[in-house]
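Let's walk through this protein together, one region after another. Keep the structure open beside the text and look up each residue as we come to it.

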Amino acid sequence: MLIKDYELEIFTPPCEPGAERFTAVAHLPVSISEVLPLLNATLRGAVHHPGAQALTWKKEGHNIAFHADRIATGNVEDRDAAIRKLEGLVDLVNRTWERRDQIEPDHETHQRPTPMAVYQLLPQTNCRRCGEPTCFTFALKLTVAQRPLEDCPVLLEPDRAEQRAELEAIIVDAPGIGG
Ligand code: SF4
């Protein structure tokens with residue numbers, strides 16, 4: 001296990017005094033700089049900043065930042081949720097590190113696909129079979145890894161194979177990885 005313990009810091013950002021939302025930071029006793037290219041290779045929508053030794057990721061409305069010496073997440077509703085969120089992120093780093101022999105590190109910086117770019121590759125039927133009111137809503141959630149591609153059954157139809165392949169090319173999925 002790479003990260004065995006960490007120091008927890010939870011605070012309300014100074015620009016939002018009285019806000020009901022928290023930022024949580026795990027200060028790490030070990031460097032995770034070698035994990036960043038592995039996370040970059042596996043996390044959908046992550047943006048790697050090699051010069052700053054940082055990787056940012058947006059998931060389920062939370063802005064997450066991995067640095068060599070810390071992991072931070074914002075917009076968390078309460079302290080318990082902040083602790084759970086950081087535990088999940090630390091676990092994600094540890095599991096990714098354990099799989100390092102199976103992952104090709106990615107040192108490039110990829111721009112996150114825009115919701116519109118994703119939407120243009122969706123069927124655009126607004127059939128609601130995914131549970132969302134429109135294909136654009138689904139595109140918004142797909143872009144920030146809130147929904148997997150497989151949740152659109154229309155894309156699984158054989159004549160949509162090319163469309164699906166194009167979507168897969170701009171979205172990197174990490175099965176089994178969450179946080
Ligand atoms: S199931 Fe697919 S085609 Fe139907 S609304 Fe959802 S994203 Fe659009």
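The side chain of Thr143 reaches the backbone oxygen of Ala139, at a distance of 2.6 Å. You will find Thr143 in helix H4, which covers residues 135-143. Is Thr143 buried or exposed? Its relative accessibility is 6%, and buried means under 20%, so Thr143 counts as buried. What surrounds Thr143, once we leave aside its neighbours within four places in sequence? Thr143 is in contact with Arg44, Pro113, Thr114, Pro115 and Val118. Keep Arg44 in mind, as we will come back to this residue. Please also remember that you are looking at a predicted model.

Now let's step back to the domains. The domain assignment of the protein gives domain 1, residues 7-102, and domain 2, residues 115-170. The C-alpha centres of the two domains lie 27 Å apart. Where they meet, four residues of domain 1 are in contact with nine residues of domain 2. Between them, domain 1 and domain 2 bury about 480 Å², and 50% of this area is on carbon and sulfur atoms. Which residues of domain 1 lose the most area to domain 2? They are Arg44, Lys58 and Glu60, which together make up 81% of what that side buries. Here is Arg44 again, the residue we met as a contact of Thr143. How many salt bridges are there between domain 1 and domain 2? The count is zero. The rule also finds zero residue pairs in polar contact across this interface, with both residues at pLDDT 80 or more.

Next, follow the chain along helix H2, residues 79-98. How far apart should its ends be? With 20 residues at 1.5 Å a residue, H2 should span 28 Å; the end C-alpha atoms are 29 Å apart, which agrees. At the start of H2, a side-chain oxygen of Asp78 comes to within 3.2 Å of the backbone nitrogen of Asp80. Many residues of H2 deserve a look from the inside: Ala81, Ala82, Lys85, Leu86, Leu89, Val90, Leu92, Val93, Asn94, Thr96 and Trp97 are buried. What covers them? The cover includes helix H1 (36-42) along with the strands S1 (7-11), S2 (22-27), S4 (54-59), S5 (62-67) and S6 (70-76).

Helix H2 also gives us a pair of charged residues to look at. Side chains of opposite charge can pair when their charged atoms come close. In H2, Asp91 forms a salt bridge with Arg95, and the closest N and O atoms are 3.0 Å apart. Asp91 and Arg95 are four residues apart, which is about one turn of the helix. Both are partly exposed: Asp91 has a relative accessibility of 37%, and Arg95 has one of 30%.

How many salt bridges does the structure hold? There are eight. Another one joins the side chains of Arg129 and Glu157, at 3.8 Å from N to O. Arg129 lies in the loop between H3 and H4, while Glu157 is in the loop between H4 and helix H5 (161-170), so this pair ties together parts that are 28 residues apart in sequence. Arg129 counts as exposed at 52% relative accessibility, whereas Glu157 is partly exposed at 32%.

A further salt bridge links Arg147 and Asp151, with 2.9 Å between the closest N and O atoms. Arg147 is buried, with a relative accessible area of 16%, and Asp151 is partly exposed at 28%. These two also belong to a network of salt bridges that links Glu132, Lys141, Arg147 and Asp151.

Finally, let's visit two loops and look at the backbone. Gln53 has a positive phi of about 50°, although this residue is not a glycine. Gln53 sits in the loop between strand S3 (47-49) and S4, and is partly exposed at 42% relative accessible area. Gln124 likewise has a positive phi without being a glycine, at about 60°. Where is Gln124? You can find Gln124 in the loop between helix H3 (115-119) and H4. Gln124 is partly exposed too, with a relative accessible area of 37%.

Note on methods: Residues numbered from 1 in each chain as written. Predicted model: local features only at pLDDT ≥ 70, side-chain atom pairs only at ≥ 80, totals over all residues. Heavy atoms only, no water. Expected span 1.5 Å × (residues − 1). Buried < 20%, exposed > 50% of the residue type's maximum accessible area, 1.4 Å probe, protein only. Contact = heavy atoms within 4.5 Å. Polar contact = N/O pair within 3.5 Å; in protein donor to acceptor, adjacent residues only side chain to side chain. Domains from an automatic or database assignment. Buried area = accessible area lost by both parts, 1.4 Å probe. Salt bridge = Lys/Arg side-chain N within 4 Å of Asp/Glu carboxyl O.
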